[in-house]
Amino acid sequence: MLARLDAGEHVRDFKPEELQTLAAEVRHYLIDVLSLTGGHLAPNLGVVELSIALHRVFSTPQDKILFDVSHQCYVHKMLTGRVADMPGIRQFGGISGFCKRVESAHDAYGAGHAGTALSAGLGMAVARDLAGEDYHVAAVIGDGAFTCGTSLEALNNVASATKKFIIVLNDNEWSIDKNVGALARYFASLQETSAYTWLRDKTKRFIEGLVGKGAREQASKLVTAARTIINPLSFFREMGLNYYGPIDGHDVARVEKVLRIAAKQSEPVVLHIVTKKGMGYAPAMQNPTKFHGIGQYNVSDGSTKSAARLTYSEVFGRTLTRLATDDPQITAITAAMPGGTKLDIFREQFPKRFFDVGIAEEHAALFACGQAAQGLKPYLGVYSTFMQRAVDMIQHDAALQKLPVRFCMDRAGLSPDDGPTHHGLYDISMMRCIPDVVMMQPADEAEFVHMLTTMNSIEDRPSLIRYPRGAGEGVPLPDEPRCLPIGKAEVRQDGSDVALVALGNMNSLALQVAELLAAQGISCAHINARFIKPLDSDCLAAYAGKCRLVVTLEDHTIVGGFGSAVQEYVAEAGLGTPVMRCGWPDAFVPHGTLEHLRAMHGLTPETIARKITDKLAQ
């Protein structure tokens, strides 16, 4: 059946009795392909029948189907002519693991972050209405993404903006980790509302049977009040949305039937679809967090290879847990990813001091500010690409009030396979301009421990630390962590011709560059910057004064990044030494392997060494 899809046959042409077989083939194919490429397995296994039903009812690209986050769009891609492309998903030159407008006309809206589908979909619906057109707009959003502020803001605006909009609530009780908070409990309660449907129909018949208009009006008011009390659907009703559900999301015929009903409505509707994350693959169903986004695995049992070295995330979780053992004021906060940030280690040891606020980074930052204002020491662990959403809170609430919140940005730098929506290449540019912050990046795991310890001692202003995805350098963790002097770099090697000023994980690259240049008789100083803000001006002045060239290396865009900060200082100090910045370009970097992308953008020892020698020869 996949071959039929690949040959151009549309899923609408399949017979109803063929759909369960098609769903089974899709699942087997996903499990096999992603075992080699890695990817978002569990979310896509959960939406197979839903995706089939959507494409049987709606005709893309004329009709618009939007996926919130869009990590669950693999089946959608297969149903829109990309079955043969799946073995290259998330590989360089291959299709993206998210919806991407330039990839296909069927991808109505690109995404990679939560909370986008309702607002963007509503915008499309309004554009349709203003143009006098009649296509459908359906936004598929997980229950976890409803905790995102933009989703709630959009929901508040739907009924006043359009009369034709379909919201598909894909309720699987998970975002990445298990969903938390009042909204998660609310959506769980919606699965227990058959009594409401019975009461609605029963009371309608009762009221219609009453004699006299006054009696009917009074009875109607009483029943409406009672229904509101017992009815958790009142949330959507008050928003002006018609609710259908809950519906078994793995009954493709049932989902298709309800979608067709929704498509005929003249008011915005919410379809509550209940699915199982990882459906059809036992390892993913048993451990949805692990299989939310996973690398290569063994199909037979779902096993993966153990990493030979600790990841930076694991070092973060372990170190913060150890610090909290001695300091009862330390708390840990994350936004829906205790597993990804490894704060689940902290949660296990200190459950009352751990807080998962759901997909709500802005709230997480403000929540941390409130804790800090009352003397606690909150550490907020969020991926760099998601911490972008909290920049206003870092500036307006933490820095302006000098609140010592500790912002810990995981996945800073390149996030190779996920691509531009997940690359943490912009945090320095966004945040180093904020006054009264300390910002740093460790060169290895041991220095990371020292920096986390340093953060704990900073009590008069916010501090930020950025660290990369994946394994560290293999350096043993220190037995006795120490506080680093704020704003002081580490000179790892003296030199007189070129000063290599490297930030974080680029220090290993700087060492290789220095060795290549030394073989040509060029003397290189190697400086581990440690601090982005404040800069070590004394160290920079000393080496810019005696070297012919200063070279900065960073796992960040060169626009407004660490190299820009160094260049600004050298120029303002009147030192006159040229500064060469090495980092990612002013462009969105695609997905691919780290090695390929670094080679593509000139971030290899050989290319950098050649550029340096060319510059010195000028």
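The legends below describe close-up views of a predicted model.

**View 1. Confidence of the predicted model and two stretches of low pLDDT.** The protein has an average pLDDT of 90, and 90% of the residues reach at least 70. The pLDDT falls below 50 over residues 191–200, a stretch with 17 contacts in the model beyond near neighbours in sequence. Residues 226–230 also have a pLDDT below 50; beyond near neighbours in sequence, six contacts are found for this stretch. Where pLDDT is low, predicted coordinates should not be read in detail.

**View 2. The open sheet of seven strands.** The strand order is 7-6-8-9-11-10-15, with mixed pairing. Strand 7 (354–356) and strand 15 (531–533) are the edge strands, each paired on one side only. On average, and with direction ignored, neighbouring strands of this sheet are turned by 20 degrees against each other.

**View 3. Strands 6 and 7.** Strand 6 (residues 330–334) runs parallel to strand 7, and three bridges join them. Aspartate 356 in strand 7 has threonine 334 opposite it.

**View 4. Helices 14 and 17 against the sheet.** Helix 14 (residues 312–326) packs on the sheet and touches strand 6, strand 8 (377–383) and strand 9 (406–410). The direction of helix 14 makes about 150 degrees with that of strand 6. Helix 17 (residues 361–373) lies across strands 6, 7, 8 and 9, and runs at about 165 degrees to strand 8.

**View 5. The second largest pocket.** This pocket holds about 260 Å³ of space. It is lined by 14 residues, of which Cys99, Lys100, Gly110, Pro420 and Thr421 are the closest to its centre. The lining comprises six nonpolar, five polar and three charged residues.

Key: Residues are numbered from 1 along each chain as its sequence is written. This is a predicted model: local features need pLDDT of at least 70, side-chain atom pairs count only at pLDDT 80 or more; totals for chains, interfaces and linings use all residues. Side-chain values use heavy atoms; hydrogens and water are left out. pLDDT is the predictor's confidence in each residue, from 0 to 100. Contact means heavy atoms within 4.5 Å. On a 1 Å grid over the protein atoms alone, a cavity is a set of points where a 1.4 Å probe fits but cannot get out, and a pocket is an open set with protein on both sides within 12 Å along at least five of seven lines; lining residues have an atom within 4 Å of a point. Grid points are joined across faces, edges and corners, and a volume is the space filled by probe spheres set on the points. Ala, Val, Leu, Ile, Met, Phe, Trp, Tyr, Cys and Pro count as nonpolar, Asp, Glu, Lys and Arg as charged, and the others, Gly among them, as polar. Two strands pair if DSSP finds at least two bridges between them. Helices (H or I, at least four residues) and strands (E, at least two) are DSSP runs, numbered from the N terminus. Axes are lines fitted to C-alpha atoms, for helices over the stretch in contact, and angles run from 0 to 180 degrees between N-to-C directions.
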